[in-house]
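Load the model in a viewer and keep the sequence panel open. The stops below each give a selection and then what is found there.

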Amino acid sequence: MDWTTPSLAALLAGIWERLETGAERRDDSWHLAALATVDAGRPAVRTVVLRAADAQRRALVFYSDARANKIQQLQERPRVEWLFYDPAERIQLRARAVAVVHHQNAVAEEIWRARPDLNYLRYLSPLPPGTSLPAFLPPQVEVESEHEMAFRNFAVVITTVERFDWLALFPDDTHKRAEFTWNGQDYDSRWMVP
């Protein structure tokens, strides 16, 4: 991507292209992103894996254990902010979005079945993420298959982008910044002071 483009439309297309690459390639710096939510009135930030990016739907997607604190936070306050940063290109992207959690529904099931490479063992813990480990783990009574148990804990979070704030910190100090805000039909775009 040529980040020096003078065209806001080309820049927006390049942002989505870069997000799609980040979702597809594990070695890409935008594959891992910071995601901020609100927890009891305070910010809560963690790293998530970008699993999909879809410009047509304005969607950024990640997966989670449905028992994780962030899922409850999203159900209470669905507004989030993503932060992507590429240290080699010195490009930062913030994406403000609204999240919808899909758990044990058709959307989650479709993704679960379509991803044979999905490591479902991550969702098999008898304890929720962030739980203190007891001296002994509780015994598990297996009444369903591991696959079914893992799906029960699997959630897909689809966030719909409302605003991008793009910042380029070019080495020659010719920094650039742009904002793209969804107006209901298209993006209102403008250059901003970095």
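Contact here means heavy atoms within 4.5 Å. This is a predicted model, in which local features need pLDDT of at least 70 and side-chain atom pairs count only at pLDDT 80 or more, while totals for chains, interfaces and linings use all residues. Residues are numbered from 1 along each chain as its sequence is written, and side-chain values use heavy atoms, with hydrogens and water left out.

**Stop 1: Glu179**

Select Glu179, found in strand S8 (residues 176–182). Helices (H or I, at least four residues) and strands (E, at least two) are DSSP runs, numbered from the N terminus. Leaving aside neighbours within four places in sequence, Glu179 is in contact with Arg163, Phe164, Asp188, Ser189, Arg190 and Met192. Is Glu179 buried or exposed? Glu179 is buried, because its relative accessible area is 10%; buried means under 20% relative accessible area, exposed over 50%, and partly exposed in between (1.4 Å probe, protein chains only).

Now show the side chains around Glu179. One polar contact, of 2.7 Å, runs to the side chain of Arg163, and another, also listed at 2.7 Å, runs to the side chain of Arg190. A polar contact is a pair of N or O atoms within 3.5 Å; within protein, one must be able to donate a hydrogen and the other to accept it, and residues adjacent in sequence count only if both atoms are side-chain atoms. Add Asp165 to the selection: 14 residues separate Asp165 and Glu179 along the chain, and their C-alpha atoms are 4.7 Å apart.

**Stop 2: the salt bridges**

How many salt bridges does the structure hold? There are 15, a salt bridge being a side-chain nitrogen of Lys or Arg within 4 Å of a carboxyl oxygen of Asp or Glu.

Select Arg96 and Glu81, whose side chains meet in a salt bridge at 3.4 Å, N to O. This pair links distant parts of the chain, with Arg96 in strand S6 (residues 91–103) and Glu81 in strand S5 (residues 79–86), 15 residues apart. Arg96 is partly exposed, at 36% relative accessible area.

Next select Arg163 with Glu179. Their salt bridge has its closest N and O atoms 2.7 Å apart. Arg163 belongs to strand S7 (residues 154–168) and Glu179 to strand S8, so the pair ties together parts 16 residues apart in sequence. Arg163 is buried, with a relative accessible area of 13%.

Then take Arg177 and Asp165, where the closest N and O atoms of the salt bridge are 2.6 Å apart. Arg177 is in strand S8 and Asp165 in strand S7, so this pair ties together parts 12 residues apart in sequence. Arg177 is partly exposed at 22% relative accessible area, whereas Asp165 is buried at 1%. Extend the selection to Glu81, Arg94, Arg96, Arg163, Asp165, Arg177, Glu179 and Arg190: salt bridges that share partners join these into one network.

**Stop 3: the nonpolar core**

Select Leu19, Leu60, Trp82 and Phe164. Within the largest nonpolar core, of 38 residues, these have the most contacts. A nonpolar core is a set of buried Ala, Val, Leu, Ile, Met, Phe, Trp, Tyr and Cys residues joined through side-chain atoms within 4.5 Å. Elements giving two or more residues to this core include helix H1 (8–24), strand S4 (59–65) and helix H2 (69–76). H1 supplies the largest share, 7 residues.

Center on Leu19. Not counting residues up to four places away in sequence, Leu19 touches Trp30, Leu50, Ala53, Leu60, Phe84, Leu93 and Phe164. Apart from this core lies another, of 14 residues, among them Ala59, Phe151, Val156 and Ile158.

**Stop 4: helix H1**

Select H1, which has 17 residues. From first C-alpha to last, H1 reaches 24 Å, close to the 24 Å expected at 1.5 Å a residue; the expected span is 1.5 Å times one less than the number of residues. Buried residues in H1 include Leu8, Trp16, Arg18 and Leu19. At the N-terminal end, Ser7 caps H1 with a side-chain oxygen 3.4 Å from the backbone nitrogen of Ala9.

**Stop 5: Thr37**

Finish at Thr37, in strand S1 (residues 32–39). Thr37 counts as buried because its relative accessibility is 4%. The Thr37 side chain makes a polar contact of 2.5 Å with the side chain of Gln73. Beyond four places in sequence, residues touching Thr37 include Arg42, Pro43, Leu74 and Val80. Arg57 is 20 residues from Thr37 in sequence and 21 Å away in space, C-alpha to C-alpha.
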